[in-house]
Amino acid sequence: THQPSAQQHGFAWRALDDACARVLPQLFPSENFFKRREEVRRRVEACLNNADVLGNGRRLVLRVFGSSANLFGAEGADLDMCVVPAASEEDTELSSPEVCRRVGEALESAGAKNVQVRDTARVPIVLFADPQTGLDCDVSTHNPLALRNTELLRAYAKIDGRVRGMAYVIKKWAKIRGINSPSDGTLSSYGYILCVLAFLQTVPNPPILPSLQRLDLDWPNPKNPDRPPPERVPHPFDASRDVCLSFHDPDKTGSLADLREIAGRNRQSLGELLALFFRHYAWDVDYRNLVVAPRTACVLPKANKAELDCWPQNPHLAIEDPFETHYDVAHVLKYPKHQLVRKEFMRASKLIDDAAAQRVDPDLVLDY
Ligand code: CTP
Ligand code: MG
């Protein structure tokens, strides 16, 4: 088929830039978004402490993770919260189904709506709607990795405005196209964000993002040139494994301005990056052989990962979790759903090419 010329591509990219400029201000949350969510968090925290869900008067703190804390949250997102003991004592018993059931009972007594207790899930969790605001909430009882990956995503979001811009558009696109529902076998929002990060690390030239986890190993440390390798800690749910939770946090190391300057050497616009993103995941990724891995800022061969038992060489999208490196965030995508998601990447990419060739607005990609 006829490939659009560079000039025609430029036309489509500018039209996408305009579409993003229209849509993003409506997606970015207001000050109120955080204020309202903080009020709900406090109320639920007080409710769980009043009900003494940890027993023996031990206090808990509720911490927010997911899109209400990672800078990728839009109005309408759920509020993800996690129980942390107020005193720094042993917290392993938090994962017990018993604590989860007590959380469910306390919320039910306090009038929460649609309470669902999932005490046998890998991460025990209670889902409910806050009666005062109607906000969909969940409380997990022991989820330190989610708290940590929220901090990692937040750190990436601060490096360059295009990181948030792309993630908001992709999340919205995935919701509208009906491919953002892990319970129906499609990809979680977290999975799409990891795809955006891996893309920004590997496709644009020069790259817009580094791997903050690799940078942690490589960044010069004049105070301690012989720094030992970062510590590994026991996996919170799986005693047979350990995990490394460190990453280079630009806020703590004062490197944010440097990382921004490096990202800024790439001048590609949001529209151009979106077009490249769709094309990349539609046509260029070797799904059978490679794993999307924002931990490394390069694609990993599935063949190496196969030793770790859960990376079969099938044609499905596979995404390595940045901290749980044995865990495939896209494992829910079985073949028909993988095809469905891939077809959506192709559809978006073709629409952008058609828009370029015919000089029409590629609004259909972002048809909201
Ligand atoms: N999470 C995780 N592993 C997964 C899925 C989710 O650790 N396989 C954690 C991540 O911390 C993620 C949070 O759970 O940020 C919430 O997941 P999800 O709902 O997919 O992402 P949100 O960013 O909250 O997106 P949305 O705005 O759609 O709620
Ligand atoms: Mg969420």
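1. In this note, Ala, Val, Leu, Ile, Met, Phe, Trp, Tyr, Cys and Pro count as nonpolar, Asp, Glu, Lys and Arg as charged, and the others, Gly among them, as polar. By that scheme the shell around ligand 1 holds five nonpolar, seven polar and four charged residues.

2. This is a predicted model: local features need pLDDT of at least 70, side-chain atom pairs count only at pLDDT 80 or more, and totals for chains, interfaces and linings use all residues. Residues are numbered from 1 along each chain as its sequence is written, chains are lettered from A and ligands numbered from 1 in the order written, and side-chain values use heavy atoms, without hydrogens or water.

3. Which residues come nearest to ligand 1? They are Ser67, Asn149, Lys171, Lys175 and Ser189, out of 16 around the ligand. "Around" needs a heavy atom within 4 Å.

4. Look at the polar contacts (pairs of N or O atoms within 3.5 Å). The side chain of Lys171 places an N or O atom 2.8 Å from an oxygen of ligand 1. For the side chain of Asp80, the distance is 3.1 Å. Tyr190 uses a backbone N or O atom, 3.2 Å from a ligand oxygen. Alone, ligand 1 exposes 580 Å², and the protein buries 81% of that (Shrake-Rupley method, 1.4 Å probe).

5. Helix 4 (144-159), helix 5 (161-176) and helix 6 (189-202) each give two or more residues to the shell. Helix 4 gives the largest share, three residues. Helices here are DSSP runs (H or I) of at least four residues.

6. Why does ligand 1 lie between two domains? Domain 1 (6-26 + 147-366) and domain 2 (31-143) both give residues to its shell. The bounds come from an automatic or database domain assignment.

Technical notes: Polar contact = N/O pair within 3.5 Å; in protein donor to acceptor, adjacent residues only side chain to side chain.
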